[in-house]
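Colleague: Please take a close look at the aromatic ring pairs in this protein, and then place that part in its surroundings.

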Amino acid sequence: MSLCSEVTDFVFENGRRYHAFKEGRYPFPNDESEQEREKLFHSLFVNLLDGQLHLSPLEKPRSVLDLGTGVGRWPLCMGHEYKNASIVGLDISPHQTSYLPANVSFLIDDVEATWPNAPESLDFVFSRNMATAIRDWKSLFAEAFQAIAPGGWLEVQDIQWIFTCRDGSIPNHWAPCLFFNKVREGLLNLGIDMNASAVHPQYTEVVGFTNLSQIRRPYPVGGWPRDPALKAIGKQIHEILTTGLHAIAVGPLTRGLGWSSDQVNMLIADTYKALQDPSVHALVYFNCLYAQKPI
């Protein structure tokens, strides 16, 4: 991974550190606290898949691309599992480890720019936790279709931050609902629809993918379930959410809605307080879509 000053310089705003390369392209911080939260996300997603890194039925992949790799935990695990494959993690921020196995590398670039891969050179393209970052999913899927070899796979995993419940325990005007409504509104003003997963199946089919499968499962926010496995997952989701409220909100609300830092902090305080109430049995949905390029 060769880095120049354009890539390694950072921008500081509202007490957070952001990428300088293509400044403003990604509206969330890349500082140390956010990197720690990315590691929690990796553990969560693996738990949601019962220890698996993906659901696509891969057969001896040779070339794999991870879009928005973050700190790079997923490529490192994939490199260990598929020792004969070349695994590349692509991200706009240079905060990946430099201690790499021989078959893993990182590339710093915008995932929505033209990829350097030759046509039909990839066996697997993977994206996780990128719902709040991508502006044009249809074009991204078209780029993936061109880069994936016949028989190869595309997979997208995300959590949809729309709260539901089965027992009516979410009160009217619950602060976390308002929080994500405002985050979504700010992101829309920045050109990003964080709930675009609803149209992913349509887009993948339009660009040419087949054998599409989609998993959509509800998971708890907090340790309120009786089931031990769901309780553990709920605690993970709760930690990821409560430790990330400032990182999630400050960019979309100040850049997208013109809010002041004080306004953001007031909403965060209300949201954090509401999330401590164990009588609210909120759920969020995990979405996973995978599809194949025709042979």
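Modeller: The answer starts with the ring pairs and moves outward from there. The model is predicted, and everything below is computed from it.

The count of aromatic pairs comes to 12. In one of them, the rings of W161 and F180 have their centres 5.5 Å apart and their planes at 5°. An angle under 30 degrees counts as stacked, so this pair is stacked. The two rings come from distant parts of the chain, 19 residues apart: W161 belongs to strand β7, residues 148-164, and F180 to helix α5, residues 175-189. Both W161 and F180 are buried.

A second pair has another geometry. The ring centres of F163 and W174 are 5.2 Å apart, with the planes at 80°. Since edge-to-face requires an angle over 60 degrees, the pair is edge-to-face. Here too distant parts of the chain are linked, with F163 in strand β7 and W174 in the loop between β7 and α5, 11 residues apart. F163 has a relative accessibility of 10% and so counts as buried, the cut-off being under 20%. W174 is buried as well, at a relative accessible area of 7%. Ring pairs join W161, F163, W174, F179 and F180 into a cluster.

Two rings have a charged side chain over the face. K293 lies over F145, at 4.6 Å from the ring centre. R255 lies over Y18, and its distance from the ring centre is 4.4 Å.

Strand β7 also comes up in the packing of helix α6. This helix spans residues 200-207, and its residues H200, P201, T204 and V207 are buried. They sit on the same side of α6, because the arc they cover around the axis is only 140°. An α-helix has 3.6 residues a turn, so residues three or four places apart point the same way. The buried residues of α6 pack against β7, as well as α4 (137-147), β8 (210-220) and β9 (283-292). On the face turned away from that buried side, α6 carries the exposed residues E205 and V206. Just after the helix, G208 takes a positive phi of about 125°.

Elsewhere, a buried acidic side chain makes contacts to the backbone. D91 is in strand β4, residues 86-91, and is buried at a relative accessible area of 9%. The D91 side chain reaches the backbone nitrogen of S93 at 2.9 Å. A polar atom of that side chain also lies 3.3 Å from the backbone nitrogen of T69. D91 and T69 are 22 residues apart in sequence, with their C-alpha atoms 5.5 Å apart in space.

As for the whole, the protein has nine helices and nine strands. Its radius of gyration is 19 Å, which agrees with the value near 19 Å that a compact globule of 295 residues would have. Along the principal axes, the C-alpha atoms fill a box of roughly 50 × 45 × 35 Å. Buried residues make up 52% of the 295 residues. Of the contacts between residues at least 6 apart in sequence, 72% join residues at least 24 apart.

Key. Residues are numbered from 1 along each chain as its sequence is written. This is a predicted model: local features need pLDDT of at least 70, side-chain atom pairs count only at pLDDT 80 or more; totals for chains, interfaces and linings use all residues. Side-chain values use heavy atoms; hydrogens and water are left out. Rings of Phe, Tyr and Trp (its six-membered ring) pair if their centres lie within 6.5 Å; planes under 30 degrees apart count as stacked, over 60 as edge-to-face and the rest as tilted. Helices (H or I, at least four residues) and strands (E, at least two) are DSSP runs, numbered from the N terminus. Buried means under 20% relative accessible area, exposed over 50%, partly exposed in between (1.4 Å probe, protein chains only). A charge sits over a ring if NZ of Lys or CZ of Arg is within 6 Å of the ring centre and within 35 degrees of the ring normal. The arc is that of the directions from the helix axis to the C-beta atoms. Contact means heavy atoms within 4.5 Å. A polar contact is a pair of N or O atoms within 3.5 Å; within protein, one must be able to donate a hydrogen and the other to accept it, and residues adjacent in sequence count only if both atoms are side-chain atoms. The radius of gyration is taken over C-alpha atoms; the globule rule is 2.2 Å times the number of residues to the power 0.38.
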